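Dear colleague,

I am passing on the structure below, and my notes on a few of its residues follow directly after it. Please read them with the coordinates open beside you.

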Amino acid sequence: MKLISWNVNGIRACHKKGALLELLKMKADIIGIQETKSTPDQLSKDITSPPGYFSFFDSALERKGYAGTAVYTKVKPELVQYGLGDKGYDTEGRCITLHFKTFAFVTAYFPNGGRDEEHFQFKLRYYDKFLKHVKKLEKKYNRVVFCGDLNVAHHGIDLARPKENANSIGFLPVEREWVDRVEKAGFIDTFRTLHPKVVKYSWWDQKTFSRERNVGWRIDYFFVNKALQNFFKKADILG
């Protein structure tokens, strides 16, 4: 089974550039998309209904063109769950859970938390709520996969300038400690497990042209629980 996760930073713009079509050509079994910045009624049929895939979209209810997630899957799930089951966390379209017969797949776009203290505290609460969500899924299905833009670099190796960003949101101790708790709960960072010393990033600041200098952060992840620890054979960061 081939799984892909991607923060597209606007699915309409991604499609216009031809990148979404290239993604679909990779023929993954399930594709988790974050930051769609749209509602299904704003999308063309080739985005909402690509051949060979079932698609599901969770959009922001109050802020148009903000956040949002989507999933493409070749196999139809038995149940689709939008959000975390709490209205206080589910107005921005940040999470979709697909319930299959033998496992659960989750894609999520976590809050950035950088706007102000209120939004940062919301981010921390969202982290806690999400961890409870996947632990609950594990009790039901035993096998759980979750992916997405977590908006945190876990270790120093996961960003180009850890010392300079020691006090930056996205690398604060309280955020990194949450990833520690995810791992203590039995979830495995697939990329870092297979590549303990490899330096690769998934996000670069466009405003400072940091990609050209490869001054990036690894903030996008695939986690699996221990029941799947002997089943993942490859994990990589594309692009």
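Asparagine 214 counts as partly exposed, because its relative accessibility of 42% lies between the 20% limit for buried residues and the 50% limit for exposed ones. In this model, which is a predicted one, asparagine 214 sits in the loop that runs between strand 10 (203-204) and strand 11 (216-217), and its phi is positive, at about 55 degrees, although the residue is not a glycine. Most residues other than glycine have a negative phi, and for that reason the backbone at this place may merit a look.

A positive phi is also found at asparagine 151, another residue other than glycine, where the value is near 55 degrees. This asparagine 151 belongs to the loop between strand 8 (144-149) and helix 5 (173-184), and it is buried, because its relative accessible area is 10% and the cut-off for buried is under 20%.

The remaining notes concern alanine 104, which is placed in strand 7 (residues 104-109) and counts as buried because its relative accessibility is 0%. Which residues does alanine 104 touch, if those up to four places away in sequence are not counted? They are Leu98, Leu137, Tyr141, Arg143, Val144 and Val145. For one of these contacts, arginine 143, the C-alpha to C-alpha distance from alanine 104 is 6.5 Å, while the two residues are 39 residues apart in sequence.

With best regards

Technical notes: Residues are numbered from 1 along each chain as its sequence is written. This is a predicted model: local features need pLDDT of at least 70, side-chain atom pairs count only at pLDDT 80 or more; totals for chains, interfaces and linings use all residues. Side-chain values use heavy atoms; hydrogens and water are left out. Helices (H or I, at least four residues) and strands (E, at least two) are DSSP runs, numbered from the N terminus. Buried means under 20% relative accessible area, exposed over 50%, partly exposed in between (1.4 Å probe, protein chains only). Contact means heavy atoms within 4.5 Å.
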